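Welcome! Please take a moment to look over the protein shown here, and then we will walk through it together, topic by topic.

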Amino acid sequence: MSRRRKESPSPARAASAAASRTWTPLLALALGAFAIGCTEFVVVGLLPQISVDLGVPEGAVGQLVTLNAVAVALGAPLLGAAMARYAGRPVLVASLLVFGAAHAVAAAAPTFAVLLATRLVTGACFGLYLAVGFGAAARLAAPGARARALAVFQGGITTATALGSPLGMLLERGSDGTEGWRLPFLAIAVLSGLAALAVLLAVPGLAPLRDQSLRERFAVLARKPVALGITAVAVFWAGTFCAFTYLLPLLREEAGLEGLSVVGVLLLAGVLGVAGNAVGGRGADRARGATLVAAVAAALAGLVLLFATASFAVAAVAVVGLWQLAAWSFVPAVQARIYELGGDAGDAAVSFSVAAFNAGIVLGAGLGGIALETAGLAGVGLSASVLTGLALVLTVLLVRFRPGEGPHA
């Protein structure tokens, strides 16, 4: 009586199982990134309500956004270095849980000082989660799919950009009284807990990185291509947020859009940003240098066209979408490039890249404010275009480096 041979899985089935083992943990990481990212964009739509409820001038309440960005910029490299000796999954879970707990405190904050203090904690956890998460996504990536893996993780942040502010405003409006702003903070706390559970269950154990001193982590900045890439990130995102911070006044004053029309444009920009994130990841795995240069060049063209056609509503809306598509295509491509150029210190290099993105947000918003005061919206457009043009030059130089080598022709 012959024994039936145990059938081996077909190549297609084996490939499908391998893909599932890769993409499921990446989606769990992306859920955490979405929860983390909501804190940055939800608050923007709640500033007037917080101002009224806590009796603080709206300009001072705006520091909730600035302080969070500064804490992210510091938390990514510093906490990333401090936690490098620990396994990746516990650090990711702990950062989400502390982040959620801080939002629960924020939801019940009796004073503005307490609310402001929670932003330091949430910003630090934000930076830590992104620094460790980008490194984890890169390590989980299938061969030849690193940029796509980073795009999946970054997609959580991009989706938060698209949905965070509108969802927060809807939650706030669904409550009675000026204390409605507390409900979105509570929702983020719950979402963070769910994301922590997803990461715990879906992300495999990741071995700790080689224990490095802070000096060793900072040594990656001495590598010229890494420093160039991080500078390009900061300058490009400064140009992007120099304009994006003042997009609402541009749409209202120049294009004549109001109310739901403006919300619709922001949602369109966010959705195309999510699409751009996917396009950038896929393109970077096939032709990283060409994708990087094309993304920055298209973003520059979009900025110039936006301020040139702002008085024509239909054209302005179309250009906003194309601009955001290009801008977010840059993100996974440049993260993959910086991780690659960092070599054995790729995780450290990415942590500084995260810091550079947030430094760019703070710098761009600040320069945009100065430009608006001195030269109006035209000055904002010029400043944003000059910064993005400089980023294009830096990006062209960046793609001329090979890992471990100098620039090549």
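What share of the contacts in the protein with a separation of 6 or more is accounted for by residues 24 or more positions apart? The figure is 83%. Keep in mind as you read that this is a predicted model.

**The overall picture**

- The secondary structure comes to 14 helices and 0 strands, so if you follow the sequence you will read α-α-α-α-α-α-α-α-α-α-α-α-α-α.
- Of the 409 residues in the protein, 52% are buried.
- The protein exposes about 17,400 Å², and carbon and sulfur atoms supply 67% of that area.

**A nonpolar patch on the surface**

- Look for Val70, Leu74, Leu78, Phe218, Leu221 and Val362, which make a nonpolar surface patch of about 440 Å².
- Helix H4, covering residues 63-82, gives the most to this patch, with 3 residues.
- Another patch member, phenylalanine 218, has its place in helix H9, residues 214-218.
- Is phenylalanine 218 buried or partly exposed? Phenylalanine 218 counts as partly exposed because its relative accessibility is 34%, which lies between the limits of 20% for buried and 50% for exposed.

**Helix H13**

- Helix H13 runs through residues 313-342 and has 30 residues.
- At 1.5 Å a residue, helix H13 should span 44 Å, and its end C-alpha atoms are indeed 44 Å apart, so the two values agree.
- Because 22 of its 30 residues are buried, H13 is largely enclosed by the rest of the structure.
- Just after H13 comes glycine 343, whose phi is positive, near 60°.

**Zooming in on alanine 316**

- Alanine 316 is found in helix H13, and with a relative accessible area of 1% it is buried.
- Setting aside neighbours within four places in sequence, alanine 316 is in contact with Leu306, Thr309 and Ala310.
- From alanine 316 to leucine 251 you would count 65 residues in sequence, yet the two are 8.0 Å apart in space, C-alpha to C-alpha.

**Cysteines**

- A disulfide is a covalent bond between the sulfur atoms of two cysteines.
- How many disulfides does a search of the whole structure find? The search finds 0.
- Cysteine 125 is buried, with a relative accessible area of 9%.
- Cysteine 242 is buried as well, with a relative accessible area of 0%.

Methods. Residues are numbered from 1 along each chain as its sequence is written. This is a predicted model: local features need pLDDT of at least 70, side-chain atom pairs count only at pLDDT 80 or more; totals for chains, interfaces and linings use all residues. Side-chain values use heavy atoms; hydrogens and water are left out. Patches are made of residues with over 30% relative accessible area and no salt bridge: like charges are joined within 9 Å, nonpolar side chains (Val, Leu, Ile, Met, Phe, Trp, Tyr) within 5 Å. Accessible areas come from the Shrake-Rupley method with a 1.4 Å probe; for residues, only the protein chains shown count as cover. A salt bridge is a side-chain nitrogen of Lys or Arg within 4 Å of a carboxyl oxygen of Asp or Glu. Helices (H or I, at least four residues) and strands (E, at least two) are DSSP runs, numbered from the N terminus. Buried means under 20% relative accessible area, exposed over 50%, partly exposed in between (1.4 Å probe, protein chains only). Contact means heavy atoms within 4.5 Å. A disulfide is a pair of cysteine sulfur atoms within 2.5 Å. The expected span of a helix is 1.5 Å times one less than its number of residues.
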